[in-house]
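Subject: Structure handed over, with findings

Hello,

Please find the structure below. My notes on what was found in it follow.

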Amino acid sequence: FMADALSTVDVPVIDCSESISLLPATGHGNHDHSAAENEDDHYDPHLWLDPERYMQMMDNAAQGLSALGYGNYDDYRAVMRMSCSRIDERFLTWKKHFDALPQEKKLLITFHDGFSYLADAYGLTILRAIEEEAGSEASAKDIKEIVELIREYDIPMIFVEENGSDATAKAIQRETGVAIGTLSMLMSPDDSTDYIQRDDNNLKVIYEGLSGEELPEHEE
């Protein structure tokens with residue numbers, strides 16, 4: 001849809017995903033794509049949920065702006081240095097926590113198809129991702145399969161997106177007793193939180209939900 005929108009305007013375009021490894025979209029089978037579309041062309045666009053890719057996106061933006069004459073690249077890098085240092089520090093801290101989990105505790109079921117980069121960053125596996133929007137709720141077959149996965153792998157928590165529907169997740173909760181965690185796509189921060197704080201909250205919800213252990217405050 002961005003290609004269509006950009007074709008109508010005559011302005012410079014900076015592709016912040018340039019040279020970044022992209023992951024295929026998961027769960028988009030619930031969307032009504034045109035038959036003419038090639039399924040291989042669908043990628044998860046939520047790159048920023050992986051802190052390392054997020055930092056690459058910032059660098060691509062800086063290079064693009066500099067190339068267009070909007071400032072000096074070295075100046076942009078100087079501004080980004082402190083932010084990137086904080087992001088990298090938090091990434092390594094959380095990666096240590098997730099690396100310590102046994103493999104059977106690293107399994108995700110999500111009710112949004114945009115968390116593949118987050119999972120990739122921290123060595124997690126998405127067992128199932130359902131993109132649930134108004135008018136495209138999960139089918140009875142989907143629900144049955146998710147219930148079976150929860151029981152087979154003893155999944156303690158499933159995850160919904162804060163602005164999405166949780167109707168199916170609640171139905172599955174009633175069936176299985178599984179807990180529900182709420183995650184952010186980090187796209188709509190309010191005035192009191194920044195990227196790192198919202199990302200920390202996501203990872204805390206996931207880690208504590210999967211491990212069943214509460215992290216001491218000084219270790220978060």
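Tryptophan 94 and phenylalanine 98 are both buried in this predicted model. The two residues sit four positions apart in helix 3, so about one helical turn separates them. Their rings form an aromatic pair, with 6.1 Å from centre to centre and 35° between the planes, and the pair is tilted.

Five aromatic pairs occur in the structure. Another of them joins phenylalanine 91 and tyrosine 122: the ring centres are 5.5 Å apart and the planes meet at 55°, so this pair is tilted. Phenylalanine 91 belongs to helix 3, while tyrosine 122 lies in the loop between helix 4 (116-121) and strand 2 (125-129), so the pair ties together parts that are 31 residues apart in sequence. Both phenylalanine 91 and tyrosine 122 are buried. Which residues make up the aromatic cluster? Phe91, Trp94, Phe98, Tyr122 and Tyr207 form it, as one cluster.

Next, the empty space. There is one cavity of 30 Å³ or more in the structure. The largest cavity contains about 40 Å³ of space. Its lining is made of Pro51, Ile87, Arg90, Phe91, Trp94, Tyr122, Tyr195, Ile196 and Asp199. Phe91, Trp94 and Tyr122 are thus named in this lining and also in the aromatic cluster.

Which helices supply at least two residues each to that lining? They are helix 3 (73-99) and helix 7 (195-211). Helix 3 gives the largest share, four residues. By type, the lining residues of the largest cavity divide into seven nonpolar and two charged, with no polar ones.

Pro51 leads on to helix 2, as this residue lines the largest cavity and is also among the buried residues of helix 2. Helix 2 covers residues 51-67, which is 17 residues. From its first C-alpha to its last, helix 2 reaches 24 Å, close to the 24 Å expected at 1.5 Å a residue. Its buried residues are Pro51, Arg53, Met55, Met57, Met58, Asp59, Asn60, Ala62 and Gly64. What covers the buried residues of helix 2? The cover includes helix 3, helix 4 and helix 7.

One further residue of helix 3 may be worth a look, namely arginine 77. Is arginine 77 buried, partly exposed or exposed? Its relative accessibility is 32%, so arginine 77 counts as partly exposed, since buried means under 20% and exposed means over 50%. Arginine 77 and glutamine 63 are 14 residues apart along the chain, and their C-alpha atoms are separated by 9.3 Å.

Finally, the chain as a whole. The protein chain has seven helices and four strands. Along the sequence these follow the pattern α-α-α-β-α-β-α-β-α-β-α. Of the 220 residues in the protein chain, 39% are buried. Among contacts in the protein chain with a separation of 6 or more, 59% are between residues 24 or more positions apart.

To find your way around, you could begin at helix 3: phenylalanine 91 and tryptophan 94 are in that helix, and both residues line the largest cavity.

Regards

Terms used. Residues are numbered from 1 along each chain as its sequence is written. This is a predicted model: local features need pLDDT of at least 70, side-chain atom pairs count only at pLDDT 80 or more; totals for chains, interfaces and linings use all residues. Side-chain values use heavy atoms; hydrogens and water are left out. On a 1 Å grid over the protein atoms alone, a cavity is a set of points where a 1.4 Å probe fits but cannot get out, and a pocket is an open set with protein on both sides within 12 Å along at least five of seven lines; lining residues have an atom within 4 Å of a point. Grid points are joined across faces, edges and corners, and a volume is the space filled by probe spheres set on the points. Ala, Val, Leu, Ile, Met, Phe, Trp, Tyr, Cys and Pro count as nonpolar, Asp, Glu, Lys and Arg as charged, and the others, Gly among them, as polar. Rings of Phe, Tyr and Trp (its six-membered ring) pair if their centres lie within 6.5 Å; planes under 30 degrees apart count as stacked, over 60 as edge-to-face and the rest as tilted. Buried means under 20% relative accessible area, exposed over 50%, partly exposed in between (1.4 Å probe, protein chains only). The expected span of a helix is 1.5 Å times one less than its number of residues. Contact means heavy atoms within 4.5 Å.
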